[in-house]
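The exercises below are to be worked with the sequence and the model side by side. Each task is followed by a solution in steps.

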Amino acid sequence: MSGSPNNLTMVEALNRALAEELERDPRVMLLGEDVGVDGGVFRVTKGLQERFGKDRVVDTPLAEACIVGASVGLAIGGMVPVCEMQFSGFMNFAYGQIQPHMSRFLSRTRGQRRIPVVVRAPSGGGIRALEHHCESEEMSYVSVPGLVVLMPSGPRTAYGLMKAAIRTAEPTIFFEPKSIYRAFREEVPVDGDPYPIGKAEVVREGGDLTVVTWGAMVRRCCEAAETGAGIEIVDLLTLKPMDPETVMQSVKKTGRCLVVHEAPRTGGLAGEIFARISEREDVFYSLRAPLARVASFDVPYPLFARENAYLPDADRIAAGMKKTLAA
Amino acid sequence: MLPGARRPGTIAGFPPGGGGGREGGVAKRSGDPAPAEPGPAGVGDIVRMVDEEGRLLVKKPPLPDERVVELYRHMVRARRFDARMLKLQRQGRMGTFAPCFGQEAAQVGSIAACTPRDWFVPSFRETAAALYRGATMRGILLYAMGLEEGAMVPEGARDIPISIPVGGQSSHAVGLAWAMKMKKEKAGAIVYFGDGATSEGIVHESMNFAGVLGLGVLFLCQNNQWAISTPRRQQAAAVPLADRARAYGFPGVQVDGNDLLAVWSVCELAMRRARGGEGATLVEAVTYRRGVHTTADDPRVYRSEEEEKSWERKDPLDRTRKYLEARGAWDAKREEALEAEVDAEMQVEVQAAEDYRASSVNPLEMFEFVYGTMPPYLKQQRDEAEEAFRGRNVVVGASAPWKPGGAAAVGQLEEAPEEPGR
């Protein structure tokens, strides 16, 4: 139940963060397909064009590459663009701007040109959507030097991270897990603080197993952990640059680590987390069980009839927890 | 066939990049109460052959009545099926789809100008064209029920499955026409996209390729006035869109997309050019998306009822029916019989699709066809999955029932209902 006016869904929390930043900084502008009159296909930008005008909340032509490329130019020209990719699946069209241009300007100009662009994209599956509307493609961006990659896990972190994304001068990819857009409510402040980039959060404490996860999987892992004592859950929030210390301290304490992600298993962030654990002698030698992961399978994201089979569900996650705890 | 002499490299009567209808008895737009193009009025000419009242505007019809009846039957079949799908979606019996309501003449008229040797490259709204090509209703339904099995094309057909990333398919048509050229086959390719897609870089790149390489592609732009909430005039400053063809070095024609005879005539000529090695054509079929963008969209947010009403008067089915009735080639009795025939077909097809979903869906099917030969690591994952799925139902049946006023996104994420006291 909504109760107070600050008890918001993630859609409402993002809308509030965007509105407050538009209000605070006249350089901030929103652009993308259907973000104005329609308020975005998920209504994240609902009412913002009415409030801030057509010059600052802009319905663009249907062209992902140019939305990002123009945002790079806007940023160099002194604006702070927050652009929307309607779905992360269509962000691939813009990859030719994100990787070769947006991520590299700072480095190419030896610090002269900062690119304070936020690229927002609804991502992930689980809503019975169409083909190409469900992928978890964070690794395409985590692998690019120079990008900040964020993924909130609910209304509170979405609000704080969006504020941080807009205020940082680094080019930022902001993935919004669409299956939790309206799944639950949380208290969100008015004119609250940004949530720091590069800071993971322990959302559940325990001494026997560390579960590292992010986005929509945080809630699912909490559900799966409900019956098991001793499970600690770390919500990564910033996928790059990651907060290794929170993960390391937890794994050192529990001696066990399970990573859960929605992206396919091969090439997923679990591999990077495991590598870092292996590289840290103090953490590696504290392990009491093999490192483990539960991820989506290495197949194209299926059409919706089979998506529950593809995604990690509470049963598969609980089985993974049990197995690692027993090892 | 369009009157007038054919010149190599141009469409008779249609200079490259120009509008049509300047000679040979093809009617210009005249006395239209609501202009087909909501941009600056009076720019360019639009090819028309039958007006809203079904009156022939040219001296001689381009098609015999029997053929028009056949095409009209396809249009009615597509519309009834489209409406049935919408109902099934609203009842929660299938997932999101993009209705073709209002665009039947643009689709049937253009695909009817192709032969089975020509390649059919759809976007995601071409239900009418796909049915004409031989796609089964049950296949279309299975896809909309979230089953890959429905993406298969009719056996032996030169079709490819629908393409959702906007505009991407235009390059595939370029490659297909190129392959036909390499193999010296007298076949072309027709690719469908919308006014929104003309803003995508890949569509420009594809048209440029086709121009440079002299490939037999019909770029069929269904200008349905809306890309979700973005109106045509905000999509491109160029009016008409057909004028862009000039930049690629091939002819462009704007045609009344709700005029079956005009669409067929223009496309027939364009496909003849494609097959004859005369290169590409851009056809802008001016039409209207009478329904939702997809079933998750709510057009009331961004367009007026008045506008929708003005296009209702230009409906392609009404127009074709009036035309045929005036010529004594159609009547209410035949209409009724046709509707009954389509309804009977739909009943069988819907049942077949629902039966399949209820009884035949194997979740492990997702591991097939990732590679031609399944690599060992994937076999291992499949075995793990089999173990994990044992004794559980992991296949999604129908989607949840639809509620009005939802978000425009595809999928089942409705706007949170207003809670009392807020």
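Of the 422 residues in chain B of this predicted model, 51% are buried.

**Exercise 1. State how many helices and strands chain B has, and how its contacts spread along the sequence.**

Solution.
- Step 1. Chain B contains 13 helices and seven strands.
- Step 2. Take the contacts in chain B between residues at least 6 apart in sequence; 75% of these join residues at least 24 apart.

**Exercise 2. Give the strand order of the open sheet of seven strands in chain A and identify its edge strands.**

Solution.
- Step 1. The order in chain A is 3-2-4-5-7-6-12, and the pairing is mixed.
- Step 2. Strand 3 (57–59) and strand 12 (238–240) of chain A each pair on one side only, which makes them the edge strands.
- Step 3. On average, neighbouring strands of this sheet are turned by 20° against each other, direction ignored.
- Step 4. At the strand 12 edge, strand 12 of chain A pairs with strand 6 (residues 148–150) of chain A in the antiparallel sense, over two bridges. Leu150(A) has Thr238(A), in strand 12 of chain A, as its bridge partner.

**Exercise 3. Find which strands are touched by helix 7 of chain A, and which strands helix 3 of chain A lies across.**

Solution.
- Step 1. Helix 3 (residues 64–76) of chain A lies across strand 2 (28–32), strand 4 (80–84) and strand 5 (118–123) of chain A. Its angle to strand 4 of chain A is about 170°.
- Step 2. Helix 7 (residues 155–167) of chain A packs on the sheet and touches strand 2, strand 4, strand 5, strand 6 and strand 7 (172–177) of chain A. The direction of helix 7 makes about 160° with that of strand 7 of chain A.

**Exercise 4. Describe the contact between domain 1 and domain 2 of chain A.**

Solution.
- Step 1. The domain assignment gives domain 1 (7–187) and domain 2 (201–326) in chain A.
- Step 2. The C-alpha centres of these two domains of chain A are 26 Å apart.
- Step 3. The contact joins 25 residues of domain 1 to 20 residues of domain 2 of chain A.
- Step 4. On the domain 1 side, helix 6 (138–142), strand 6, helix 7 and strand 7 of chain A are the elements that give two or more residues.
- Step 5. By class, that side has 14 nonpolar, seven polar and four charged residues.

**Exercise 5. Locate the residues with the most contacts inside the largest nonpolar core.**

Solution.
- Step 1. The core has 218 residues, and those with the most contacts inside it are Leu150(A), Val211(A), Val108(B), Val217(B) and Val283(B).
- Step 2. Helix 9 (residues 260–275) of chain B gives the most to this core, 11 residues.
- Step 3. At least three residues of the core come from each of domain 1 and domain 2 of chain A.
- Step 4. Leaving out residues up to four places away in sequence, the contacts of Val108(B) include Leu71(B), Met75(B), Tyr132(B) and Leu260(B).

**Exercise 6. Work out the make-up of the contact between chain A and chain B.**

Solution.
- Step 1. Chain A contributes 42 residues and chain B contributes 49 residues.
- Step 2. On the chain A side, helix 12 (307–310) and helix 13 (314–326) of chain A are the elements that give two or more residues. The largest share, four residues, is from helix 12 of chain A.
- Step 3. The residues of the chain A side comprise 23 nonpolar, five polar and 14 charged.

**Exercise 7. Place the cis peptide bonds at Pro241(A) and Pro240(B), then decide whether Arg110(A) and Leu237(A) are buried or exposed.**

Solution.
- Step 1. As background, most peptide bonds are trans, and most residues other than glycine have a negative phi.
- Step 2. Lys240(A) and Pro241(A) are joined by a cis peptide bond with omega about -10°. Pro241(A) sits in the loop between strand 12 and helix 9 (244–254) of chain A.
- Step 3. The bond from Val239(B) to Pro240(B) is also cis, with omega near -10°. Pro240(B) is in the loop between helix 7 (232–235) and helix 8 (245–248) of chain B.
- Step 4. Arg110(A) has a positive phi, near 50°, and is found in the loop between helix 5 (105–108) and strand 5 of chain A. Arg110(A) is exposed because 7 other C-beta atoms lie within 10 Å, and the cut-off for exposed is 12 or fewer.
- Step 5. Leu237(A) also has a positive phi, near 60°, in the loop between strand 11 (231–235) and strand 12 of chain A. Leu237(A) has 27 C-beta neighbours inside 10 Å and therefore counts as buried, the cut-off being 20 or more.

Conventions:
Residues are numbered from 1 along each chain as its sequence is written. Chains are lettered from A and ligands numbered from 1 in the order in which they are written. This is a predicted model: local features need pLDDT of at least 70, side-chain atom pairs count only at pLDDT 80 or more; totals for chains, interfaces and linings use all residues. Two residues are in contact if their C-beta atoms, placed from the backbone, lie within 7 Å. Ala, Val, Leu, Ile, Met, Phe, Trp, Tyr, Cys and Pro count as nonpolar, Asp, Glu, Lys and Arg as charged, and the others, Gly among them, as polar. Two strands pair if DSSP finds at least two bridges between them. Axes are lines fitted to C-alpha atoms, for helices over the stretch in contact, and angles run from 0 to 180 degrees between N-to-C directions. A nonpolar core is a set of buried Ala, Val, Leu, Ile, Met, Phe, Trp, Tyr and Cys residues joined through C-beta atoms within 7 Å. Domain bounds come from an automatic or database domain assignment.
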